[in-house]
Amino acid sequence: MKISMLEKQFVIKDEQKPFDSCHASTLVQTKSGVIVAAWFAGTRESSPDTAIWTSRRADGKWEAPRKTADVRGTAMWNPVLFQKQDGTIILFYKVGERIPEWRTWTAESHDEGATFTEPREMVCGDDSGGRGPVKNKPVRLKDGTVLAPGSLEGEYWDCFVDISTDDCDSWERSSLVPVRRASCEYHRMHRPYDRHYVYGKGILQPALWQDDKEQVHMLLRSTSSRIFRSDSFDGGHTWCVAYDTGLPNNNSGIDLVRRDSGELILVYNPRENLPGMFHGPRTPLTVAVSADNGAHFDRVLDLEDTAGVFCYPAVICGQNGEILLTYTWNRENIMFVRLGQ
């Protein structure tokens, strides 16, 4: 499958940027063609002045960014945009100084992202470390159920999905994805390599899709130098033991989308961790395609291939068969890209 770059532009103009650092973007496209993007920004990640910012793109131009959600003196993180069946845009985001203490809040837009309602907590009183989507967009199953890909970051990293059968009004958390953890020392002592073991803290930030057989799957960021995968045969309520796909991963965010034709479009940093560490350089940033439900991926395009920090992609299917995506560009800006065949 051939993919070409149709357009590439910064979301934020330098003269419109009222913050030093930005990260973790997300996007949706409305029926009228308006694209809405969101991200968190402030002095730096985790600083108490971070807030959630949004911008809209109409007629090929991005509007000046606006501060959409802010809790004074508290760090804010990882917005995720999603559309309800009636076109309402729902914005999820995390609030909390420390990641294990995150709470998830939501706000809605009924005017294509021009304004948002007053926020409310997604699951009132939940203190488990954040419910709902942690980085990547929810998916709507063929029966209308919405699955939101979540994860927990504490001493260990674990993943789950939140399940809604009433279009994001209420949520039920799935069981955790089973993970077999092992130290790097265990790996050196017990060869050959076992694809069902994760080395380090675990797995994080699922990216979801449903296949033609109505089975649900996720690809996972990991500390194990590989993208992991898990599969569900009951609509996301339970998951199989996470296993290594063979795709390199530098413990940085990934995202994918399934096209109507069945191909999976994956955007990721195809790098392993640095030796003896649980992270690696966040470049290049690459697009890969799978025509066999994720069994194999072919790299088709590098979005960035120079030294820098190019990461945390968000990818959706746009109108007219296009692929739309955003990603962090050196923590200085959000890059927007249109892809086509």
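Colleague: Which residues does Ser109 touch, leaving out those up to four places away in sequence?
Modeller: Ser109 touches Thr88, Ile89, Ala114, Thr115 and Phe116. Keep in mind that this is a predicted model.

Colleague: Sure. Where does Ser109 sit?
Modeller: In strand S9, which covers residues 103–109.

Colleague: Is Ser109 buried or exposed?
Modeller: Buried, because its relative accessibility is 1% and the cut-off for buried is under 20%.

Colleague: And what does the Ser109 side chain do for polar contacts, say with Asp111?
Modeller: The two side chains, Ser109 and Asp111, are joined by a polar contact of 2.9 Å. A polar atom of the Ser109 side chain also lies 2.8 Å from the backbone nitrogen of Gly113.

Colleague: OK, new topic. How many salt bridges does the structure hold?
Modeller: There are 22.

Colleague: Give me one with Asp70. Which residue is its partner?
Modeller: Lys67, and the closest N and O atoms of that salt bridge are 3.7 Å apart.

Colleague: How accessible are Asp70 and Lys67?
Modeller: Asp70 counts as partly exposed at 39% relative accessibility. Lys67 is partly exposed as well, at 48%.

Colleague: What about Asp167, which side chain does it meet in a salt bridge?
Modeller: Arg140, at 2.8 Å from N to O. Asp167 lies in the loop between strand S13 (157–164) and strand S14 (172–173), and Arg140 is in strand S11 (residues 139–140), so this pair ties together parts that are 27 residues apart in sequence.

Colleague: And the accessibility of Asp167 and Arg140?
Modeller: Asp167 counts as buried at 16% relative accessibility, whereas Arg140 is partly exposed with a relative accessible area of 26%.

Colleague: I was also looking at Glu322. What is its salt bridge with Arg338 like?
Modeller: The side chains meet at 2.5 Å, N to O. Glu322 is in the loop between strand S25 (310–317) and strand S26 (323–329), while Arg338 is in strand S27, so the pair links parts 16 residues apart in sequence. Glu322 is buried, with a relative accessible area of 18%.

Colleague: Which residues are in the network with Glu322 and Arg338?
Modeller: Glu7 and Arg57 join those two in one network, through salt bridges that share partners.

Colleague: While we're on S27, where in the sequence does that strand run, and is Gly340 in it or outside it?
Modeller: Strand S27 covers residues 333–340, and Gly340 lies in it. At 10% relative accessibility, Gly340 counts as buried.

Colleague: What does Gly340 touch, not counting residues up to four places away in sequence?
Modeller: Lys2, Ile3, Ser4 and Leu6. Take Lys2: Gly340 and Lys2 are 338 residues apart in sequence and 8.5 Å apart in space, C-alpha to C-alpha.

Colleague: Now pockets. How much space lies in the largest pocket?
Modeller: About 1100 Å³. It is lined by 32 residues, and the closest to its centre are Phe82, Pro138, Arg140, Val257 and Cys317. You'll recognise Arg140 as the salt-bridge partner of Asp167.

Colleague: Which strands each supply at least two residues of that lining?
Modeller: Strand S2 (21–29), strand S7 (76–83), S11, strand S17 (203–210), strand S21 (255–258) and S25.

Colleague: And how do the lining residues divide into nonpolar, polar and charged?
Modeller: The lining has 13 nonpolar, ten polar and nine charged residues.

Colleague: Last topic, backbone geometry. Which peptide bond is cis, with omega near 0°?
Modeller: The one from Thr283 to Pro284. Pro284 is in the loop between strand S22 (264–268) and strand S23 (285–290).

Colleague: Why flag a cis bond or a positive phi in the first place?
Modeller: Because most peptide bonds are trans, and most residues other than glycine have a negative phi.

Colleague: So what phi does Ala24 have?
Modeller: A positive one of about 60°, although Ala24 is not a glycine. Ala24 lies in strand S2 and counts as buried at 3% relative accessibility.

Colleague: And what is the phi of Asn251?
Modeller: Positive too, at about 55°. Asn251 is placed in the loop between strand S20 (243–248) and S21, and is buried with a relative accessible area of 8%.

Definitions and conventions: Residues are numbered from 1 along each chain as its sequence is written. This is a predicted model: local features need pLDDT of at least 70, side-chain atom pairs count only at pLDDT 80 or more; totals for chains, interfaces and linings use all residues. Side-chain values use heavy atoms; hydrogens and water are left out. Helices (H or I, at least four residues) and strands (E, at least two) are DSSP runs, numbered from the N terminus. Buried means under 20% relative accessible area, exposed over 50%, partly exposed in between (1.4 Å probe, protein chains only). Contact means heavy atoms within 4.5 Å. A polar contact is a pair of N or O atoms within 3.5 Å; within protein, one must be able to donate a hydrogen and the other to accept it, and residues adjacent in sequence count only if both atoms are side-chain atoms. A salt bridge is a side-chain nitrogen of Lys or Arg within 4 Å of a carboxyl oxygen of Asp or Glu. On a 1 Å grid over the protein atoms alone, a cavity is a set of points where a 1.4 Å probe fits but cannot get out, and a pocket is an open set with protein on both sides within 12 Å along at least five of seven lines; lining residues have an atom within 4 Å of a point. Grid points are joined across faces, edges and corners, and a volume is the space filled by probe spheres set on the points. Ala, Val, Leu, Ile, Met, Phe, Trp, Tyr, Cys and Pro count as nonpolar, Asp, Glu, Lys and Arg as charged, and the others, Gly among them, as polar.
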